[in-house]
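Me: Could you take a close look at a single helix in this structure for me, and then walk me through what surrounds it? I work at the bench, so plain language is welcome.

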Amino acid sequence: MRQRIARDGLPATLRKAIGDHVFRHSASVVMELRREDARLGPVRADGSIRFVILRDDDEVPPLCPFLAHRRRDFIDSLAIGKLGFFVLRHEIAVGCAWVALSDHHDSRMRERYRVAPGEAYLYSWLLDPVERPRGTALMFARWVMQVLLGMAVERMFCVIDRDNRASYRIHQHFRYRESGLLVRHFHLLHLRWTLMSRYKGTLGLRDPARGRRAA
């Protein structure tokens, strides 16, 4: 705590503590990509990078420290039929994305998404921060989408936090567009709930200084 206060200051540390343990909320948009709109390009990976897809009872690869605490979650996701897409550097997993090819229900977040035949719901994109300056995020996302298109997926969609500028911009790069569904998450002590609503047009990113869109 003392180190965090010294690094971030007392007000920022208190805001984070309240957000982590008392109350926080977020606003996200559902973004979608249709096959005919996709802009992908080649995947250029050096010899230290390898991509793998996990299914059913496949063994989860060794995980970097950033992902290690999620191993049980990954095993459980495979057990209920989700697909795990992993990027490995020197045979250690440094990033992952999860895909549902049928209806998805997250009991913790109280979310339900209908996934029709020919659709894919992409969620839980995770990447070791060390990898971000290396361009791994774009390379990994490009590979995941190419694989899904090769599986005859016509529409893929995901939920993007309006405060997550990097993720929003990456999806825009591949020509994802907002689908008109707003997803708001609320966390109060140990309670979580989700509200969904429709809107028209494009909300874009939230401007943290003004509390409005900044796309």
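**A close look at helix α5**

Reply: Happy to. The buried residues of α5 are T136, M139, F140, A141, R142, W143, V144, M145, V147, L148 and L149. Please keep in mind that this is a predicted model.

Let's begin with the helix as a whole. Helix α5 covers residues 136-150, and eleven of its 15 residues are buried. That is why α5 can be called largely enclosed by the rest of the structure. Its length also checks out: at 1.5 Å a residue, the 15 residues should span 21 Å, and the C-alpha atoms at the two ends are 21 Å apart, which agrees.

Now for what comes after the helix. α5 is followed by A152, which has a positive phi, near 70°. Most residues other than glycine have a negative phi, and A152 is a residue other than glycine with a positive value. You will find A152 in the loop between α5 and β8 (155-161). With a relative accessible area of 48%, A152 is partly exposed.

Next, the aromatic side chains. One member of α5 to pick out is W143, which pairs with F85: the ring centres are 5.5 Å apart and the planes meet at 65°, so the pair is edge-to-face. The cut-off behind that label is an angle over 60 degrees. The pair links distant parts of the chain, since F85 sits in strand β3 (residues 83-89) and W143 in helix α5, 58 residues apart. Both F85 and W143 are buried. These two rings also belong to one aromatic cluster, formed by F51, F85, W125, F140 and W143. F140, like W143, is among the buried residues of α5. Across the whole structure, a search finds twelve aromatic pairs.

The helix has a neighbour from another part of the chain as well. A38 lies in the loop between β1 (23-34) and β2 (49-54). The C-alpha atoms of A38 and Q146 are separated by 9.4 Å, although their positions lie 108 residues apart along the chain. Leaving aside neighbours within four places in sequence, A38 is in contact with L33, L149 and F174. Of these, L149 is one of the buried residues of α5. A38 itself has 24% relative accessibility, so it counts as partly exposed.

From W125, a member of the aromatic cluster, you can step on to two further places. One is helix α6 (residues 165-173), which holds H171. H171 is in contact with M31, W125, C158, I160 and Y176, leaving aside its neighbours within four places in sequence. H171 is buried, with a relative accessible area of 6%. In the loop between α6 and β9 (177-188) lies R175, which has a positive phi of about 80° although it is not a glycine. At 38% relative accessibility, R175 counts as partly exposed.

The other place is the largest pocket, which holds about 1800 Å³ of space. Of the 46 residues that line this pocket, the closest to its centre are R70, Y123, S124, W125 and L126. Strand β7 gives the most to the lining, with seven residues.

For a contrast with α5, have a look at helix α4 (residues 71-79), where the buried residues are F74, S77 and L78. Seen down the axis of α4, these fall within an arc of 100°, so they line one face of the helix. An α-helix has 3.6 residues a turn, so residues three or four places apart point the same way. The buried residues of α4 pack against β2, α3 (65-68), β3, β4 (92-100) and β7 (119-127). The face turned away from that buried side carries the exposed residues R72 and A79. α4 is followed by G81, which has a positive phi, near 95°.

Finally, the wider setting. The protein chain comes to six helices and twelve strands, and buried residues make up 42% of its 215 residues. Among contacts between residues at least 6 apart in sequence, 67% join residues at least 24 apart. The ring pair of F85 and W143, 58 residues apart, links distant parts of the chain too.

How values were computed. Residues are numbered from 1 along each chain as its sequence is written. Side-chain values use heavy atoms; hydrogens and water are left out. Helices (H or I, at least four residues) and strands (E, at least two) are DSSP runs, numbered from the N terminus. The expected span of a helix is 1.5 Å times one less than its number of residues. Buried means under 20% relative accessible area, exposed over 50%, partly exposed in between (1.4 Å probe, protein chains only). Rings of Phe, Tyr and Trp (its six-membered ring) pair if their centres lie within 6.5 Å; planes under 30 degrees apart count as stacked, over 60 as edge-to-face and the rest as tilted. Contact means heavy atoms within 4.5 Å. The arc is that of the directions from the helix axis to the C-beta atoms. On a 1 Å grid over the protein atoms alone, a cavity is a set of points where a 1.4 Å probe fits but cannot get out, and a pocket is an open set with protein on both sides within 12 Å along at least five of seven lines; lining residues have an atom within 4 Å of a point. Grid points are joined across faces, edges and corners, and a volume is the space filled by probe spheres set on the points.
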